[in-house]
Amino acid sequence: MRTGDEQLKDFQKGPCEKRADIIIVVIGDDRRDERLFPSPSSPGANESTPLCFSINSPPFPQRNTTATLSAVFSSLGLTSNLIALVVLVNAYKRTHSRSRSFFLIFLGGLVTTDFMGLLVTGTIVLSFYATQFNWRELDPHCHFCNFMGMSMVFYGLCPLLLGAAMAVERFVGINRPFARSSSMPRSRAVVMVLMVWTFAGCMALLPLARVGSYHIQRPGSWCFLNISSQGSDMLFSMLFSGVGLASIGISFVLNTVSVATLIRVCCGQDKAQRRRDYEVEMMVQLLLIMVIGSLCWCPLLVFIAQTVLLGRPLQVHRLLLWLRFASCNQILDPWVYILFRRAVLRRFYPSLRMSRDSIMNLYPSLRRMTRTYSLGGGGSLKQDEPI
């Protein structure tokens, strides 16, 4: 026969005491396994996940194709922008036209922005693939991730904003020539470029003021704004998308008006064709920059707006696809100026002449259109007006 004390011990061990590695509960005692139920004073209770890792947390599975694409894009883009920068500096030293020098300053700001954007973001991405560093160990407080996110936003908005600023400058120069004094210093164009950079920088800094946030993105090599339909992330996503689309829209409207005026001047009764050749060359380059920027950036900007407004879950594969499209803008922009210059075009087409007669012969329909437009008194640019 077992004593009463032994039966009481068996009763305590039976239904109440579980395995020690899961949870321990003893009658009259409140002990818990700290690994599963940390107390407020335990170290595990005070640890919180940093904001930039709250949605996606490394490590992620890696693919060699992604690293190869990043290396090719970065190398090609840096080389292209460096060549374009050298060509622009030489052209700026030789130019005597004030309007052309203004345009070259804006174009130099665009090429410099693209070059620095590829250098900063490309260095981070390629360093990740080369070393496979752990983001949480390297950046426990998200400072590095925030820096890359700000770089992505800043260097993404700058080309679109500079394209809009160039469209405004050409619109004023062609349609309202006397609104810009002929004595205006070239430093005014530099100030305008700095203003664009300042605006884009303020936009990129908004998450530090708790308007939006930057998060690490798959496949773990980059950080970007959190595309979400909730709270301040929605506001920041819509601001980024809205500013980009508005810049493209402004460029389209102003460039269309400028081209219409320039066609009348170049193909009409104007005799001062030599001076207009430069205007045609600049407008062709500006139009190509606008078209390239629209094709590269519109898919990403529209995708962000649709995801936020419709409350859709983020489709990572589409985000990566449209981001690669946007990256092509930084690669293609410099080739617009490298290739689409009169000196280069005439090497491939020696018979090419930007004269009134050649344009009329090439496009006979323009003769009737410009004659009607000239008789109607449309446009603002006259023969002796400064540009």
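Here are some short exercises with worked solutions on this predicted model.

**Exercise 1. Find how many disulfides there are, and which cysteines form them.**

Step 1. Start with the cut-off: a pair of cysteine sulfur atoms within 2.5 Å is taken as a disulfide.

Step 2. Look at Cys 52 and Cys 142, whose sulfur atoms are 2.0 Å apart, and mark them as a disulfide.

Step 3. Do likewise for Cys 145 and Cys 223, where the sulfur atoms are 2.1 Å apart.

Step 4. The count under this rule comes to two disulfides. With bonded cysteines counted along the chain, the pattern reads 1-2, 3-4.

**Exercise 2. Place the disulfide of Cys 52 and Cys 142 in the chain and work out its handedness.**

Step 1. Cys 52 sits in the loop between α2 (43–46) and α3 (64–94), while Cys 142 sits in the loop between α5 (135–138) and α6. The pair links distant parts of the chain, 90 residues apart.

Step 2. Turn to the S-S bond of Cys 52 and Cys 142: the torsion is about -80 degrees, so this disulfide is left-handed.

Step 3. Check the surroundings using the limit for buried, under 20% relative accessible area. Cys 52 has 1% relative accessibility and counts as buried; Cys 142, at 5%, counts as buried.

**Exercise 3. Repeat the analysis for Cys 145 and Cys 223.**

Step 1. Helix α6 holds Cys 145 and strand β2 (residues 222–225) holds Cys 223, so the disulfide ties together parts that are 78 residues apart in sequence.

Step 2. The torsion about the S-S bond of Cys 145 and Cys 223 is about -115 degrees, and therefore the disulfide is left-handed.

Step 3. Cys 145 has 0% relative accessibility and counts as buried. Cys 223, at 0%, counts as buried.

**Exercise 4. Explain why Cys 298 and Cys 296 are not bonded.**

Step 1. Cys 296 holds the cysteine sulfur closest to that of Cys 298, at 9.8 Å.

Step 2. That distance is too far for a bond, because a disulfide needs the sulfur atoms within 2.5 Å.

Step 3. As for accessibility, Cys 298 is partly exposed at 23%. Cys 202 is partly exposed with a relative accessible area of 47%.

**Exercise 5. Describe how α6 packs against helix α7 (residues 187–205).**

Step 1. Take the geometry: the angle between α6 and α7 is about 145 degrees and their axes are 8 Å apart.

Step 2. Add the handedness, which is a right-handed crossing of α6 past α7.

Step 3. List some of the residues in contact. From α6 they include Met 150, Val 153, Leu 157 and Leu 161, and from α7 they include Val 193, Trp 197, Ala 200 and Ala 204.

**Exercise 6. Trace Val 153 into the largest nonpolar core.**

Step 1. The largest nonpolar core has 76 residues, and Val 153 is among those with the most contacts inside it, along with Trp 135, Phe 224, Phe 240 and Trp 297.

Step 2. Helix α6 (residues 143–175) gives the most to this core, 15 residues.

Step 3. Leaving out residues up to four places away in sequence, Val 153 touches Ala 204, Tyr 214, Phe 224, Leu 225, Phe 236 and Phe 240.

**Exercise 7. Compare two annotated spans with the modelled chain.**

Step 1. The unreviewed UniProt entry carries the annotation "transmembrane region" for residues including 102–129 and 321–340.

Step 2. Residues 102–129 are 100% helix and 0% strand, with end C-alpha atoms 41 Å apart.

Step 3. Residues 321–340 are 95% helix and 0% strand, with end C-alpha atoms 28 Å apart.

Methods: Residues numbered from 1 in each chain as written. Predicted model: local features only at pLDDT ≥ 70, side-chain atom pairs only at ≥ 80, totals over all residues. Heavy atoms only, no water. Core = buried A, V, L, I, M, F, W, Y, C linked by side-chain atoms within 4.5 Å. Buried < 20%, exposed > 50% of the residue type's maximum accessible area, 1.4 Å probe, protein only. Helix = DSSP H or I, 4+ residues; strand = E, 2+ residues; numbered from the N terminus. Contact = heavy atoms within 4.5 Å. UniProt positions renumbered as here; feature names shortened; annotations may be inferred. Axes fitted to C-alpha atoms, helices over the stretch in contact; angles between N-to-C directions. Left-handed = near helix turned anticlockwise from the far one by under 90°.
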